[in-house]
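Me: I am new to this structure and should like to understand the reasoning behind the terms used for it. May I put some questions in turn?

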Amino acid sequence: MLRIEINGIVQGVGFRPFVYNLAKQFDLKGFVLNSSQGVTIEVEGLDTVLQSFIDDLQGKKPPAARIDRFIVKEFPEQGFKTFEIRKSLSNEGLTFISPDLAVCNDCIDELKDPQDQRFNYAFINCTNCGPRYSIIEKTPYDRPVTSMKVFEMCDYCRGQYEDPTNRRFHAQPIACPVCGPQLRFLDSTLREVSGDPIENCLKALHEGKILGIKGIGGFHIACDATNNAAVNELRRRKNRPHKPFAVMCEVVRVREIADCPESQLELMKSPAAPILLLPKLSESPIAQSVAPLNPYLGIFLPYAPHHYQLFHNKSFLPDPIKLPFLVMTSGNINDEPIAITEEGLTGLCDFYLTHNRPILNRNDDSIISPLISTSQIKFTSIFIRRSRGYIPTPLLLPFKTVPTFGAGAELKIAFALTDQDSLYHSPYIGNNNSIATQEFYQETYIKYLDWFKIKPELVACDLHPDYMTTRFAEKISLPLVKVQHHHAHIAAVMGEFLLDEPVIGISYDGTGYGTDGAIWGGEIFIADYKDFTRRYHLNYMPLPGGDATITHPVRIAYAYLKHAGVEVPELQEISEFEKSIIDKQIENQFNLFQTSSMGRLFDCIAAMLGLFPQITFEAQSAMALEYLCGKASLDEVNPYDYQINESEIDIIPLIKNVREDVLQGADKRIIALRFHKTIVDFSLAVVNNLSHSAGLRKVILSGGVMQNMVLLKGLINELTRNNFTVYYSSQLPSNDGAVSVGQALIANRTIIKG
């Protein structure tokens, strides 16, 4: 007899019926069950048949399953007479929780079939699709510990749920119109409106109304994406003047509004169903106000059945309402966590399309920026936000850790928990430190400890003393390691690629607390997990007012130009009063910070070109500078001047060159290209220097500025041409969303070193 223990994503994805049917196919005897360890199989039969069974277990597993550990042990024969699926066991240990998955094609076919019991039913699902993470209370994953426990199965559903040959065998969210959740349509006072909820929703959207739509992991706020007035009203209500909105549409419509190669279309159609940032077409029905002054659209496909219904209205009206493109933006307020109740969107919506299945674990949409293939780059997914569809799938680590909590940073908040060689990354929590964000952070932390049976022995956080995440970490009565921000960025990429050796690390971002008390952000390290040496950085520039100045890039430009020793009468959108205040700050060194930030250099150059002298969302001016480059190659232009000193990259010659070009009326597009080219050139120069002195050929690219596709592709191409091996984030965000991962890894090696 063989006992097979399988750990990974093997619960809630049809794994047990797959095992059952495979065993029946091979005429084997025994059983399969879920436990807190994963899936356990005991099986008897001929040795040759057992080997074929083992091969197929690993090679033909269900599409949403993932096997991380597969252990086979021999035991004495038990004399099993049949093969059966037994009840779950709750043992010490853990199993992984499947992410929320988009509705599958089989369920969509049934949704469209008038002869099917679940025809046009908004909560159709099976073991291959539907909610998982968002409805679970605890493991093992069974219906009594999900938000579906309040819905008692009818005989029809129970028959499928208990039939091992049915694809809904032990599909915990199984439901039908007789026994399952139901859609409701509410007005702004939360009173129910009579009529079909989908038809009511479409009618309201067609009339230009703004709706809250409850999904799998939280609410979206929706409006007609072709209605400019509706989109502008949504911007007014959300106080979001410029930040782009995402658009949902059917797969056949994607290429009407964006350039989408087949490889990216397949990613959109995957069970994770992420938002993809795609180049938008110049001729498009989408309102310009959806993504103003932005060459990209965030596009995703319907992933919940009722999303699908909005685009396939089965109305019996003579002229069914058809809205091919909907704005579907996160249902939240001012970068707070996504709302899971209508009350969380008070004042934002005219109506609500909602339902009575509780959301236990909020989970925002994942966002991916595809890195287009070049001669040096294969198609890669660059995460901007890693959440629904991917969370909480664990990542493999390059070495075994003690149970560790990585607290994260201040923006793009996400924490990490490690145990042995596995890491569990939290969903995107929020982008500020409001009370709601802090509560969501703590609530998710407690749940992760319970689900994954982790008892931290070590805590890691950022060096910055005022981060909410730092304060949270300090309150945990465990050994605490404070980690430099950019070291954590580099270590996160190292961990993703299972590297455990010294590397050259480039970390370009906006803000990170340095070991000298300055604001870092343009850093080139030699680093491993134990330590780092800061070998090069941008020379320090004055940042008057610190973080308060970041929303006013023109003030940064004024301070940088003054520091460079040039007069700046040509700067627009800055008053004489503002100039006088900055002059006094520089003269008296009052409330004046020193920064080596690459993000602030982008802000300076963008403001010099007149691009968003004041910004309304993070990195707005830097993005505008990137977009100016268009599709042109950096090989077409020459760099500006710069100076490499002993440990500094002097950017003052660059700033003076740009000022001269601006005064001479040079093409802004050429200025933007030359600026990016300059960064690529001086980065390559210092990497070459470090390689010669340290003998290293592996280079890490990290930090939020690496979300700039022009810069990232330029760096990859040049470094690769010079025979360096380049690593950059693909499973984790390059922004602060991954800092917690690096913190946890560094803390483990710091303890060993100490």
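**Burial, helices and backbone angles**

Reply: Gln-420 counts as partly exposed because its relative accessibility is 36%, and partly exposed lies between the cut-offs of 20% and 50%. The model is a predicted one. Gln-420 is situated in strand E17, residues 416-425.

Me: What makes the phi of Gln-420 worth noting?

Reply: Gln-420 is not a glycine, yet its phi is positive, about 55 degrees. Most residues other than glycine have a negative phi.

Me: Where does Glu-573 lie, and why is Glu-573 called buried or exposed?

Reply: Glu-573 is in the loop between H13 and H14. Its relative accessibility is 56%, so Glu-573 counts as exposed, the cut-off being over 50%. Glu-573 also has a positive phi, near 65 degrees, and is a residue other than glycine.

Me: How do you know that the length of helix H14 agrees with its number of residues?

Reply: Helix H14 covers residues 576-588, which makes 13 residues. At 1.5 Å a residue they should span 18 Å, and the end C-alpha atoms are 18 Å apart, so the two values agree.

Me: Which residues of H14 are buried, and why are they said to be on the same side?

Reply: The buried residues of H14 are Glu-578, Lys-579, Ile-582 and Gln-585. They cover an arc of only 125 degrees around the axis, and therefore they are on the same side of H14. In general, an α-helix has 3.6 residues a turn, so residues three or four places apart point the same way.

Me: What covers the buried residues of H14, and which residues are exposed on the other side?

Reply: The cover includes strand E23 (541-544), helix H13 (553-563) and strand E24 (592-595). On the other side of H14, the exposed residues are Glu-576, Phe-577, Lys-584, Glu-587 and Asn-588. After H14 comes Gln-589, with a positive phi near 55 degrees.

Me: Why is Ile-367 called buried or exposed?

Reply: Ile-367 has 17% relative accessibility and so counts as buried, since buried means under 20%. Ile-367 belongs to strand E14. Apart from neighbours within four places in sequence, Ile-367 has contacts with Ile-275, Leu-277, Ile-382, Phe-383, Ile-384 and Arg-385.

Me: Why is Ser-387 called buried or exposed, and what does Ser-387 touch?

Reply: The relative accessibility of Ser-387 is 0%, so Ser-387 counts as buried. Not counting residues up to four places away in sequence, Ser-387 touches Asn-363, Asp-364, Asp-365, Ser-366, Pro-427 and Tyr-428. Ser-387 is in the loop between E15 and E16.

Me: What kind of peptide bond, cis or trans, joins Ile-391 and Pro-392?

Reply: The bond between Ile-391 and Pro-392 is cis, with omega about 5 degrees. Most peptide bonds are trans. Pro-392 is in the loop between strand E15 (380-385) and strand E16 (395-406).

Me: What is the volume of the second largest pocket, and which residues are closest to its centre?

Reply: The second largest pocket has a volume of about 750 Å³. Of its 32 lining residues, Tyr-296, Gly-630, Lys-631, Val-710 and Lys-713 are the closest to the centre.

Me: Which element supplies the largest share of that lining?

Reply: H19 supplies the largest share, seven residues. By class, the lining holds 15 nonpolar, eight polar and nine charged residues.

Key:
Residues are numbered from 1 along each chain as its sequence is written. This is a predicted model: local features need pLDDT of at least 70, side-chain atom pairs count only at pLDDT 80 or more; totals for chains, interfaces and linings use all residues. Side-chain values use heavy atoms; hydrogens and water are left out. On a 1 Å grid over the protein atoms alone, a cavity is a set of points where a 1.4 Å probe fits but cannot get out, and a pocket is an open set with protein on both sides within 12 Å along at least five of seven lines; lining residues have an atom within 4 Å of a point. Grid points are joined across faces, edges and corners, and a volume is the space filled by probe spheres set on the points. Helices (H or I, at least four residues) and strands (E, at least two) are DSSP runs, numbered from the N terminus. Ala, Val, Leu, Ile, Met, Phe, Trp, Tyr, Cys and Pro count as nonpolar, Asp, Glu, Lys and Arg as charged, and the others, Gly among them, as polar. The expected span of a helix is 1.5 Å times one less than its number of residues. Buried means under 20% relative accessible area, exposed over 50%, partly exposed in between (1.4 Å probe, protein chains only). The arc is that of the directions from the helix axis to the C-beta atoms. Contact means heavy atoms within 4.5 Å.
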